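The following exercises concern a single protein chain. Please work through each task with the sequence and the structure at hand before reading the solution.

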Amino acid sequence: MTVRSPSDSNFIADEVAADIEAGRYSRQICTRFPPEPRGYMHLGHAKAALIGYGIAQKFGGLFNVRMDDTNPIKEEQRFVDAMVRDLEWLLGSAVGERLFHASDYFPQLYECAKKLIEKDLAYVDDLSPEEIREYRGDFHRPGRPSPWRDRPLEESLGLFEEMHDGKHPPGSRVLRAKIDPASPNMNMRDPTIYRILHETHHRAGDWHIYPLYDYAHPLSDAFEGVTHSTCGKEFEGHRPLYDWFLEKLDFVEPPRQIEFAEIAISRTILGKRHLKKLVEEGHVAGWDDPRMPTISGLRRRGYPAQAIREFCDELGVSSSAPGKVERALLDHFVRENLNRTAPRVMGVPRPLKLVVENYPPGQSEELEAPNMPGDESYGTRKVLFTRELYIDRSDFMEEPPPKYFRLAPDREVRLRAAYIVKCTKVIKDPESGYVVELRATYDPETRSGLGGAKRKVKGTLQWVSTQSAIPVELRLYDFLLTEEVEDFDNTRSITDFVNPDSLEKLEESVAEKHLADAKPGQVVQFERVGYFCVDPDSNPDRLVLSRTATLRDNKFRRIFK
């Protein structure tokens, strides 16, 4: 993968600057983000929103958020609410009065459609949906005119008003633009403008006809005073139709549609219908499952908004596809951010008891540990040291290989912020031979912070006292989809690529008591383990923490040095 140089230009910003220089618009620059409220906002939406928002910020303009809510069958208010919430979190600013809905313009869109009929630029078609597809042809067969294309204006106008009044059943008629049935651009072959749906809209109430995206989108932009309508590259072929509607309806200083290359991320699918399938069939716990590429999911997992913004910025704004980006790049920015901001605590994912035999029974002491090594502004915390401790099972090996610097029989390690200990005995279950406990001695002259740190040993372990440990459940996440999804071509269901090992739950983990008051959304670093975010599933009896990221992945660290 080639990482973008910071000097690479944003071609959309260049286009906007050229329009300003040429005096193309007499009004303030205005961009917009028009998601469909049919699911939750995902990383592709984040990239699109940040492009529009960034352009508005750069040129001192306005940024609109407009819900493209023209299909009442698939859209819900909960999706609107989730998208607004996630967008405000991502941008770090409130949408405020710049939140709009395409449904706000249903009356104006209806009047504009009547004007097109009156100009002989639209007609009511009685063909069935299947017949319309047949008449339109395909990329190999030219389209041909509908037999209703020359229907008298007055008749089309009357029928359209009857459609509006609910006098015709769904599927019986549509309103189509009169452009060119044989155009080489399929989008210009007399596209449908309105279809009949006797459905209640979640905001607009009862309507009997609903506009299609290609019609509602450019007009909504124009109604709002948008100057630059940025969208994904897949809409490039729709631009002639976008411009056609604005021209035929006589809009002055019409907005420009500019397309950019969307992002593709390794082992990640962003299509709403695929994500919806994963949710509805129970392969994930919901739209905000931490394995999902939704902003809600990433936020619940502990990804900082700043890291997502930096990731999108690093990808740049290109008019040509940059290829697939590795997910590790996003995780790089997450680690870089959390390394600076996530307080340290000690946690033990797989506890193994360690008894310090020469430490007096019943005695305890509070040791001081930094919340952020190297940054005194984060302060310190007290950790309880006692005779019986927990260390992580992965930090002990009975027969260690060369250059093993963790605990082993007759080996020494330092306990973080505490003492140097030496393993003296291994206790096993007599039947299984499984190690169930370790015995050790400590050197009281080696307490960290009191001069004892001068004696050096190569290994340092995290630990938790059995007296102060609190139970936690750790959820360790891997890719939701298997590597085979890289070849996904829509011929198979996305559920065929679900990774059965995408979630591992460690329900017997422990952490230091300092974490007991942590609130959902708080991210900490378990020293030597990884970054974890307190999950909303937590309860008074047990904290639940989602692993945000492991501590290091050197792949992109080398690139960004």
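**Exercise 1: Strand pairing**

Strand 12 pairs with strand 25 (residues 523-526) in the parallel sense over two bridges. The model is a predicted one, in which local features need pLDDT of at least 70, side-chain atom pairs count only at pLDDT 80 or more, and totals for chains, interfaces and linings use all residues. Residues are numbered from 1 along each chain as its sequence is written, and side-chain values use heavy atoms, with hydrogens and water left out.

Task: Determine which residue stands opposite Val345 in strand 25, and in which order the seven strands of the open sheet follow one another.

Solution.
1. Strands (E, at least two residues) and helices (H or I, at least four) are DSSP runs, numbered from the N terminus. Two strands pair if DSSP finds at least two bridges between them.
2. The residue opposite Val345 is Phe526 in strand 25.
3. The order in the open sheet is 12-25-26-27-23-24-13, with mixed pairing.
4. At the edges are strand 12 (344-345) and strand 13 (347-348), each of which pairs on one side only.

**Exercise 2: The partners of strand 14**

Task: State in which sense, parallel or antiparallel, strand 14 pairs with strand 17 and with strand 20.

Solution.
1. Strands of a sheet pair through backbone hydrogen bonds, either parallel or antiparallel.
2. Strand 14 (residues 351-356) is antiparallel to strand 17 (residues 388-392), over five bridges. Here Val355 has Glu388 of strand 17 as its bridge partner.
3. With strand 20 (residues 435-443), strand 14 pairs in the parallel sense over four bridges. Leu354 stands opposite Leu438 of strand 20.

**Exercise 3: The surroundings of helix 8**

Task: Identify the buried residues of helix 8 and what covers them.

Solution.
1. Buried means under 20% relative accessible area (1.4 Å probe, protein chains only). In helix 8 (residues 239-248), Leu241, Tyr242, Trp244, Phe245 and Leu246 are buried.
2. Their cover includes helix 4 (106-118), helix 7 (213-224) and strand 6 (192-201), where contact means heavy atoms within 4.5 Å.
3. After helix 8 comes Asp250, with a positive phi near 60°.

**Exercise 4: The whole chain**

Task: Describe the composition and the extent of the chain.

Solution.
1. The chain contains 13 helices and 27 strands.
2. Its C-alpha trace spans about 100 × 55 × 40 Å along the principal axes.
3. Of the 561 residues, 52% are buried.

Notes
Buried < 20%, exposed > 50% of the residue type's maximum accessible area, 1.4 Å probe, protein only.
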